[in-house]
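Colleague: Mind if we go through this one together? I've got a few things I'd like to ask.

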Amino acid sequence: MSDLFDHGRSNRGWISVLPAAAVVAIFLLEIETPNIRVTPSLLTILLAISAIYLSPRAVVWWAVILFVPVVLTMLLIPNNGVHETPVFVALRSTAYLAVGWIAVALSRYRQDSIRKLEGLLSLFDSLKNPIVVSDIDGNIKFANRACCELLGRSAREVTDVNFFSVFTQPEQRGKSIEHYLKMFDLQPDRNATLTVSVPAGPVGRGLEATCTVLQWDSRKFLVTQLG
């Protein structure tokens with residue numbers, strides 16, 4: 001099943017090892033810059049960025065692991081020849097923990113959003129009517145099983161293909177694009193019709209499709225029901 005938020009998925013195993021590589025790079029930078037302490041700041045930034053890619057459990061795991069070098073660096077490595085005061089170490093550690101808490105919350109929110117979206121797409125996939133979801137650029141982000149059967153293609157072959165290359169005859173593409181873009185001005189609770197061309201023999205056949213705008217965060221998608 002297609003994921004509309006593919007850039008934010010947390011199930012890619014290779015992403016979970018990136019913090020380790022980043023830590024090594026930061027330590028090497030620390031060695032090369034003896035007069036400037038960079039580890040606490042960069043590790044805090046790394047923890048904040050991890051919320052975009054990692055699951056909440058992984059964010060917690062890395063927050064605990066990275067907390068050790070953050071504190072030890074401030075305690076053991078002088079900053080331009082001067083050791084930090086306990087008050088500064090406590091304040092910097094508190095800021096790190098606050099960032100970690102926010103990162104976990106953001107990661108949990110992102111994961112919940114993905115689960116809700118996947119549940120919605122599962123519902124679309126079970127419908128008997130052909131359904132296709134596309135963005136404002138015309139890129140198909142999801143096509144349910146009935147739509148794939150209608151087109152004679154697999155879900156992988158349909159996903160990320162341009163809507164107009166699948167459902168529009170070349171000579172009608174300009175008018176179809178103009179009509180398609182107007183669909184995105186619809187209110188979320190309103191429907192409109194869009195004429196599409198479904199491949200059938202050398203020419204294809206026209207169908208009246210019902211369109212609805214689906215807004216997810218700041219992005220809009222067009223849900224098109226064929227037939």
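Colleague: Let's begin with Glu-178: is Glu-178 buried, partly exposed or exposed?

Modeller: Bear in mind that this is a predicted model. The relative accessible area of Glu-178 is 47%. Buried would need under 20% and exposed over 50%, so Glu-178 comes out as partly exposed.

Colleague: And which residue forms a salt bridge with Glu-178?

Modeller: Look along helix 8, residues 173-183, where Glu-178 has a partner 4 residues apart, about one turn of the helix. Residues three or four places apart on an α-helix point the same way, because there are 3.6 residues a turn. Here the closest N and O atoms are 4.0 Å apart, and the partner is Lys-182.

Colleague: How many salt bridges does the structure hold, and which side chain meets Arg-145 in one?

Modeller: The structure holds 2 salt bridges. Arg-145 sits in helix 5 (residues 145-151) and its partner in helix 4, so the pair ties together parts that are 20 residues apart in sequence. Arg-145 is partly exposed at 49% relative accessible area, while the partner counts as buried at 17%. With 3.2 Å from N to O, the side chain meeting Arg-145 is that of Asp-125.

Colleague: Over to helix 3: how far apart are its end C-alpha atoms?

Modeller: Helix 3 covers residues 56-76, which makes 21 residues. At 1.5 Å a residue, helix 3 should span 30 Å. The model agrees with that, as the end C-alpha atoms are apart by 30 Å.

Colleague: Where in helix 3 does the kink lie?

Modeller: The kink is about 25° and comes shortly before the proline Pro-69. Both Pro-69 and the kink residue are among the buried residues of helix 3, and what covers those buried residues includes helix 1 (18-32), helix 2 (39-53) and helix 4 (86-126). The kink lies at Leu-66.

Colleague: Which helix gives the largest share of the nonpolar patch?

Modeller: The patch is about 490 Å² of surface, made by Leu-29, Leu-42, Ile-45, Ile-49, Ile-52 and Tyr-53. Leu-29 lies in helix 1 and is partly exposed at 37% relative accessible area. The largest share, 5 residues, comes from helix 2.

Colleague: Last one: how far apart in space are Phe-164 and Ser-176, C-alpha to C-alpha?

Modeller: Phe-164 lies in helix 7, residues 163-167, and is buried at 7% relative accessible area. Its contacts include Arg-173, Ser-176 and Tyr-180. Phe-164 and Ser-176 are 12 residues apart in sequence, and their C-alpha separation is 7.7 Å.

Note on methods. Residues numbered from 1 in each chain as written. Predicted model: local features only at pLDDT ≥ 70, side-chain atom pairs only at ≥ 80, totals over all residues. Heavy atoms only, no water. Helix = DSSP H or I, 4+ residues; strand = E, 2+ residues; numbered from the N terminus. Expected span 1.5 Å × (residues − 1). Bend = angle between axes of the 7 residues up to and from the residue. Buried < 20%, exposed > 50% of the residue type's maximum accessible area, 1.4 Å probe, protein only. Contact = heavy atoms within 4.5 Å. Patch = residues over 30% accessible without salt bridge, like charges linked within 9 Å, V, L, I, M, F, W, Y side chains within 5 Å. Areas by Shrake-Rupley, 256 points an atom, 1.4 Å probe, with all protein chains shown as cover.
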